[in-house]
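The following note collects several points on helix packing and burial for a colleague's consideration. It is best read alongside the model shown below.

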Amino acid sequence: MNKFKLVMLSGAWCAFALGMVHSQAVELEVTHWWTSGGEAAAVKVFADAFNDGGDVWADGAIAGGGSIARPVIISRILGGEPMGATQLNQGRQAEELIEEGLMLDLTELAEKEGWRDFVRPAKLLDSCTLDGKIYCVPINIHSFQWMWVSLAAYNKAGLEPPADWYEFVASSQALRGAGIVPLAVGGQAWQLSGMFGTLFAGLSGVDNWRKVYIDRDEDALRGGITANVWRAFGDARDLQAKNNTVQNWNDATTQVINGKAGAQIMGDWAQAEFALAGLTAGKEYDCLPGLGIAPVLDASGDAFYFPKVDDPEIVQAQLRMASMMMSAEIQVAFNLVKGSLPIRGDVDMDEANECMNKGLAVLENENNVLPSGDQTFSPDTQGQLEDLIIEFWSDPDMDPADAQAIFADIILDAD
Ligand code: BGC
């Protein structure tokens, strides 16, 4: 645990907001995987607010994305070397840590501040809750189910930008003819499985999606709608750059920003990169929630957890950080930079851009909100699905129908 104490540093944002004037500053190490330009700008909002409150944010960014960072974070906590606070995704990622009694119980703070009254959708707080107690602060609503389109690329190819996935596929030959890679793709497994999930949600529609991912219905798993999704994933495989070597999601986003690629399927955190590059939604790039077909979003996102430590001063600082992240002012400031939506239903989002407004409109109808993989399957099942997706992606000869059969078997067997 990284910690040092200074004498008397209070009076700024946090202390006023909480009515918790504290006499000693505490340094908390905060781990997260926000390392792209846009993500780093968003972290700074939290860090500045925490520091302004008189404590010290010791940044513990872990490079390589969530699938690299999460095991590091979890094994540090299990191994008795906890950080002061950490990002994880909303869902079941911290379940074992909570069950082992390793995470700070935030219930008292949550009740005092009335989190249940303003957090929306309610499932965000539910996924922080175990046996009636709250163990995390959901801090944003992110959804993977978006396609980001470069208007410069379409302009260069002399084409109208696509209104949906099928128009995009139809335009791909012409894009290639203009020297543009149709689909920007980062090769990491989580990106491929997110793209597959997005195709699933967008192309199959909510009913089939629920039958497959929630009811685990065999007819739907082996049926024609699911077959169509696997064929579309095969199309996506063909639309990436020949010998694609891009790994990081934000490097793929940069190809869309530069007009070198036509589009990318990626979560709405991509918006932070467009914003940082000075691009405006609707002017230089376009965004299609649910791939322009089914208006669905998974309304998942990030949450902060606070490992339990036996030091009341650290615990007080952890509670100050939790409260700051949940506050209305920081919710708005952070999410505008991060490209996500605030988890509070009672804040003003006047400054939301066109894509955020599209997202908010989708979320207005709760039938459009899907649970994410993290909330549906155990890490083990997710791992098996991810392995299948990588196998399919890296073998251009693997038939979509064969992949579908294995997919159905995994889900029918899932815990
Ligand atoms: C997180 C986002 C983050 C993205 C890419 C997701 O798991 O929820 O906040 O921007 O990973 O790093």
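**Helix packing and burial: points for review**

1. In this predicted model, one side of the first contact comprises Gly38, Glu39, Ala41, Ala42, Val43, Val45, Phe46 and Ala49 of helix 2, which meet Ile330, Ala333, Phe334, Val337 and Lys338 of helix 16. By residue class, this contact of helix 2 with helix 16 divides into ten nonpolar, one polar and two charged.

2. Two packed helices are described by the angle between their axes and the distance between the axes. For helix 2 (residues 37–52) and helix 16 (residues 328–338), the angle is about 165 degrees and the axes lie 8 Å apart. Angles over 145 degrees count as roughly antiparallel, and helix 2 and helix 16 are therefore roughly antiparallel to each other. Their crossing is right-handed.

3. Helix 2 also packs with helix 15 (residues 312–326), at an angle of about 130 degrees and with the axes 10 Å apart. The angle makes helix 2 oblique to helix 15. The crossing of helix 2 with helix 15 is right-handed.

4. Which residues form the contact between helix 2 and helix 15? Phe46, Ala49 and Phe50 of helix 2 meet Ala317, Met321, Met324 and Met325 of helix 15. The residues of this contact divide into seven nonpolar, no polar and no charged. Phe46 and Ala49 of helix 2 are also listed among the residues that meet helix 16.

5. Helix 12 (residues 224–239) has 16 residues and spans 23 Å from its first C-alpha to its last. This is close to the 22 Å expected at 1.5 Å a residue.

6. Within helix 12, the buried residues are Thr226, Ala227, Val229, Trp230, Ala232, Phe233, Gly234, Ala236, Arg237 and Leu239. The elements that cover the buried residues of helix 12 include helix 9 (165–177), strand 9 (181–183), helix 10 (189–213) and helix 11 (218–222). Helix 19 (379–394) and helix 20 (400–412) are also among the covering elements.

7. Is valine 229, a residue of helix 12, buried or exposed? Valine 229 has a relative accessible area of 0% and is buried, since buried means under 20%. Leaving aside residues up to four places away in sequence, valine 229 touches Phe196, Leu199, Phe200, Leu203 and Ser204. Valine 229 and phenylalanine 196 are 33 residues apart in sequence and 8.1 Å apart in space, C-alpha to C-alpha.

Definitions and conventions. Residues numbered from 1 in each chain as written. Predicted model: local features only at pLDDT ≥ 70, side-chain atom pairs only at ≥ 80, totals over all residues. Heavy atoms only, no water. Helix = DSSP H or I, 4+ residues; strand = E, 2+ residues; numbered from the N terminus. Expected span 1.5 Å × (residues − 1). Buried < 20%, exposed > 50% of the residue type's maximum accessible area, 1.4 Å probe, protein only. Contact = heavy atoms within 4.5 Å. Axes fitted to C-alpha atoms, helices over the stretch in contact; angles between N-to-C directions. Parallel < 35°, antiparallel > 145°, perpendicular 65-115°, else oblique. Left-handed = near helix turned anticlockwise from the far one by under 90°. Nonpolar A, V, L, I, M, F, W, Y, C, P; charged D, E, K, R; others polar.
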